[in-house]
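I opened this entry to keep a record of what I looked up. I wanted the overall build of the chain first, then one residue in its surroundings.

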Amino acid sequence: MGIAPLMVEQRGPYLDDTLGLMLNGYAWLPALWRREGGPAVPTRVMGQRALALRGPDAVRFFYDERHVRRHTAIPEPVQGTLFGHRAVHTLDGAEHRHRKAMFLSLLTDPRRVAALVDQVAVAWDEAIATNSEGRQIVLFDEASHVITKGVCGWAGIPLDDAGVAPVARDLTAMVDGFATLGPRHWRARRARGRREDWLGALVDQVRTGAVTAPAGSALAAVAGYRHRDGQPMDAELAAVELLNIIRPTVAVSWFVVFTAHALHRWPEHRDRLRSGDTGYATAFAHEVRRFYPFAPFVAGRAVTDLTWQGQHVPAGSLVLLDIYGQNHDAALWPDPYRFDPHRFVGRSPDPYELIPQGGADRSTGHRCPGEDVTVALLAAFAGWLAQLDYTVPEQDLTISLRRIPALPRSRFVLTDVRRSGTSPTSGRHTAARRAH
């Protein structure tokens, strides 16, 4: 039921190692570190020279726009599935900061975050209440439906009950297919096309007055956004950025499954989570994000000829920040493959050490603006799952590091689900705010 070990193929640092990445997934860069040592590892990927970095100083270097920029560094297959073309992720400098300010205003205000958790709590409560004893639940699917319903309601996006499952399916497909060129990739492209058309039409309706966007909602913010030159976003780009609010939120479903996986493997944490200790729930959420695999690395391009710790970094070459490797670096995390929420009890993570959603200053750099949402939702789900009694039937809970994004093969099946404590909607306002 653990994370599956890999046999890592050895390759020369200057040979193209795209095949090594495809074969080894999350273990690719950590294997290069073990072989090469030193503060940086040279390699080639997708035909391009690259330098892989990790560690707090590397995070500072990587997120300094005088050194590394994201423009042209994100491959088209990733833009065509995960982020969308012309998305905020592809920008740098003043234009990036201007557009990102919209995301920060929506996703970092504790009151807005608490309101989103409240919406998801109601959807979760309804889902659990409809589950008769003995019914089988695939947790990944249930979580994606619940979060889709909650985030769309919070964002002001009209969505009836019949629409929840197909929208959730498309949003998770976009995440599931960004790192492969097989059927998952083409499924992700089709899903993105459908949802961009859907939300683009909705933005047009808001602008013509046919639909009223709730005041202060994400829909209202995106529909009314103005570029630095005062011009509005075209509807296609507005759809991309609206998806970049709801799609990452639904991607928390992966972490929800990892949360259940951790509770199953280490049930000693259940009582403290069940007690309503919100500080411990937040620490548990941080440890889930550190321990389990989600993003393997992020990439940028060297702005000019640079030197990093004695390594030459030619202008235009790729610079890779090893997320999975850093989150399992023994120099930062003693006994890194031990799951231990106490690492974060009573302290906030250093943004240059814990980087599951990017690093450094989120207000100016490319660190995910929705990190507070992820942590708040995970802390809430940890408590909600701890308050349930259920059976985990025989299934394949192996997490292969070859597959990006990783997920237990069974997607975590539960049976005999019944609530043993209070419902998540009782006292949820207080709990959500305490998490911040």
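The notes below go from the whole chain to a single leucine, L29.

Whole chain. I kept in mind throughout that this is a predicted model. I looked up the secondary structure and found 17 helices and twelve strands. For the extent, I took the C-alpha trace along its principal axes, which spans about 60 × 55 × 40 Å. I then checked the radius of gyration: the chain has 21 Å, and a compact globule of 436 residues would have one near 22 Å, so the two agree.

Packing and surface. I noted that 58% of the 436 residues count as buried. Among contacts with a separation of 6 or more, 72% join residues 24 or more positions apart. The exposed area of the chain comes to about 17,200 Å², and carbon and sulfur atoms supply 52% of that.

Charges. I found 51 positive and 46 negative side chains. The centres of the two sets lie 1 Å apart.

L29. I placed this residue in helix 2, which runs over residues 28-36. Is L29 buried or exposed? Its relative accessibility is 2%, and buried means under 20%, so L29 counts as buried. I next asked which residues L29 touches, leaving out those up to four places away in sequence. They are A52, F297, L320 and D322. I also looked up the spacing to T43: L29 and T43 are 14 residues apart in sequence, and their C-alpha atoms are 9.5 Å apart in space.

Methods. Residues are numbered from 1 along each chain as its sequence is written. This is a predicted model: local features need pLDDT of at least 70, side-chain atom pairs count only at pLDDT 80 or more; totals for chains, interfaces and linings use all residues. Side-chain values use heavy atoms; hydrogens and water are left out. Helices (H or I, at least four residues) and strands (E, at least two) are DSSP runs, numbered from the N terminus. The radius of gyration is taken over C-alpha atoms; the globule rule is 2.2 Å times the number of residues to the power 0.38. Buried means under 20% relative accessible area, exposed over 50%, partly exposed in between (1.4 Å probe, protein chains only). Contact means heavy atoms within 4.5 Å. Accessible areas come from the Shrake-Rupley method with a 1.4 Å probe; for residues, only the protein chains shown count as cover. Lys and Arg count as positive and Asp and Glu as negative; His and the chain ends are not counted. The place of a charge is taken as NZ of Lys, CZ of Arg, CG of Asp or CD of Glu.
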